[in-house]
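These entries record what I looked up in one structure, taken in the order in which I turned to each topic.

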Amino acid sequence: MELRVLRYFLEAARLGNITKAAENLNVTQPTMSRQIKDLEWELGEKLFERTNYAIRLTPAGELLRERAEDILSMADKTMLDFRALKEDEISGDIAIACAESRNISFLAKCIKRIKKEHPRIRYHLYAGDSERVLEKLDKGLFDFAVIVENVDVEKYNFLTVHSVDRWGVVMRRDSELASRDFIEPSDLVDKPIMASRQALSADLPKWFGDDTAQLNVVATLDLPYNGSVLVREGVGYMLCFDGLIDTGSDSPLCFKPLMPELTTNMYVVWRRKQLFTRAGEVFLKAMKDSL
């Protein structure tokens with residue numbers, strides 16, 4: 001299985017058309033078709049369902065797409081890291097997966113401070129729930145992860161961010177609960193609510209307790225901004241951290257904290273026995289100094 005062929009496969013999957021994918025990658029259509037058929041033979045599985053107008057992935061193709069994206073990301077990251085070794089000046093790329101939180105301001109301060117001395121270090125920030133983030137961290141696709149859940153100390157080294165995130169509800173200013181100073185579990189039992197999948201499984205049960213099964217969950221989401229659009233349109237109430245959504249005086253939305261208070265700790269984690277590039281070592285030292 002060659003990296004070049006995996007790139008052919010991913011481009012064809014992205015476009016749903018082998019001819020267009022071949023044009024984008026500057027190869028002939030017969031060459032790309034043959035390479036993909038050889039890949040199917042090598043794996044013993046059909047990767048695409050072909051029609052007169054397009055192609056779509058089979059279940060085996062979906063599995064390969066996920067694996068191929070990780071394989072190529074790791075290959076590209078490795079090449080960049082080795083190129084950085086040859087340079088006298090400290091440079092390179094640092095991949096950081098981040099939870100959505102205003103408390104990642106410490107990260108911005110570290111990057112700003114490092115850039116003065118090492119301007120050729122580049123930073124790539126990714127978002128995702130903790131499960132997917134830690135899976136990619138384990139594979140070496142991320143150098144660091146900033147998570148908002150308890151740390152498995154058997155697998156990871158970590159730093160504690162000395163700020164906590166406060167949970168609350170984002171709602172329209174004309175909603176039934178907008179006049180409250182805080183929101184209690186009983187207030188939301190009959191209301192349409194939205195939250196991230198991670199929050200519904202890991203965080204909010206600590207607050208709702210036995211009432212979780214009674215909740216009317218109308219939507220789950222990954223990005224709070226998308227949720228705020230749904231709230232603005234009257235879809236429901238969104239549970240999230242304070243400070244993620246504009247709820248200022250000019251906004252049609254407001255934020256109400258939960259009572260009893262629910263807070264979540266934040267940690268920076270990395271794999272045990274992880275070998276960092278020079279850029280990674282510089283960044284780790286900056287975070288240790290900051291935290």
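**Loop residues with positive phi**

I began with Asn26, which I found in the loop between helix H2 (18–24) and H3. The model is a predicted one, and I read the backbone angles with that in mind. Phi of Asn26 is near 60 degrees, a positive value in a residue other than glycine. I noted the contrast with the general rule: most residues other than glycine have a negative phi. I then asked whether Asn26 is buried or exposed. Asn26 has a relative accessible area of 72%; the cut-off for exposed is over 50%, and Asn26 is therefore exposed.

I looked up Lys273 next, in the loop between S11 and helix H11 (278–290). Lys273 also has a positive phi, near 65 degrees, and is not a glycine. Its relative accessible area is 83%, so I entered Lys273 as exposed.

**A cis peptide bond**

Which two residues does a cis peptide bond join? I found the bond between Met259 and Pro260, with omega at about 5 degrees. In general, most peptide bonds are trans. I placed Pro260 in the loop between strand S10 (253–257) and strand S11 (263–271).

**The chain overall**

I then turned to the chain as a whole. Its secondary structure comes to 11 helices and 11 strands. The C-alpha atoms fill a box of roughly 65 × 55 × 40 Å along the principal axes. The chain has 291 residues, and 45% of them count as buried. I recorded an accessible surface of about 16,200 Å², with 50% of this surface belonging to carbon and sulfur atoms. Of the contacts with a separation of 6 or more, 73% are between residues 24 or more positions apart.

**Two buried residues**

I looked up Ser91 in the loop between H4 and strand S3 (92–98). Its relative accessible area is 7%; buried means under 20%, and Ser91 is therefore buried. What does Ser91 touch, not counting residues up to four places away in sequence? I listed Ala84, Arg120, Ile121 and Ala279.

I went on to Ala95, which has its place in strand S3. At 7% relative accessibility, Ala95 counts as buried. Leaving aside neighbours within four places in sequence, I found Ala95 in contact with His124, Tyr126, Leu141, Phe142, Asp143 and Phe144. I also checked the separation of Ala95 from Thr19: the two are 76 residues apart in sequence, and their C-alpha atoms are 33 Å apart in space.

**Helix H1 and its partners**

Two packed helices are described by the angle between their axes and the distance between the axes. I applied this description to H1 in two pairings.

The axes of helix H1 (residues 3–15) and helix H4 (residues 59–85) come within 10 Å and cross at roughly 125 degrees. H1 and H4 are therefore oblique to each other. I noted that H1 passes H4 in a left-handed crossing. On the H1 side, the contact is made by Leu3, Leu6, Arg7, Phe9, Leu10 and Ala13. On the H4 side I listed Gly61, Leu64, Arg65, Ala68, Glu69, Ile71, Leu72, Ala75 and Asp76. By class, the residues of the contact of H1 with H4 are 10 nonpolar, one polar and four charged.

For the second pairing, the axes of H1 and helix H3 (residues 29–43) come within 10 Å, and the crossing angle is roughly 105 degrees. The range for roughly perpendicular is 65 to 115 degrees, and H1 and H3 are therefore entered as roughly perpendicular to each other. Here Arg4, Val5, Leu6, Tyr8, Phe9 and Ala12 in H1 meet Met32, Gln35, Ile36 and Leu39 in H3. I classed the residues of the contact of H1 with H3 as eight nonpolar, one polar and one charged.

**Helices H5 and H11**

My last entry concerns helix H5 (residues 105–117) and H11, whose axes come within 10 Å. At what angle do the axes of H5 and H11 cross? The angle is roughly 125 degrees, and H5 and H11 are therefore oblique to each other. The crossing of H5 and H11 is right-handed. I found Phe106, Leu107, Cys110, Ile111, Arg113 and Ile114 in H5 meeting Val282, Phe283, Ala286, Met287 and Ser290 in H11. The contact of H5 with H11 has nine nonpolar residues, one polar and one charged.

Key: Residues numbered from 1 in each chain as written. Predicted model: local features only at pLDDT ≥ 70, side-chain atom pairs only at ≥ 80, totals over all residues. Heavy atoms only, no water. Axes fitted to C-alpha atoms, helices over the stretch in contact; angles between N-to-C directions. Helix = DSSP H or I, 4+ residues; strand = E, 2+ residues; numbered from the N terminus. Parallel < 35°, antiparallel > 145°, perpendicular 65-115°, else oblique. Left-handed = near helix turned anticlockwise from the far one by under 90°. Contact = heavy atoms within 4.5 Å. Nonpolar A, V, L, I, M, F, W, Y, C, P; charged D, E, K, R; others polar. Buried < 20%, exposed > 50% of the residue type's maximum accessible area, 1.4 Å probe, protein only. Areas by Shrake-Rupley, 256 points an atom, 1.4 Å probe, with all protein chains shown as cover.
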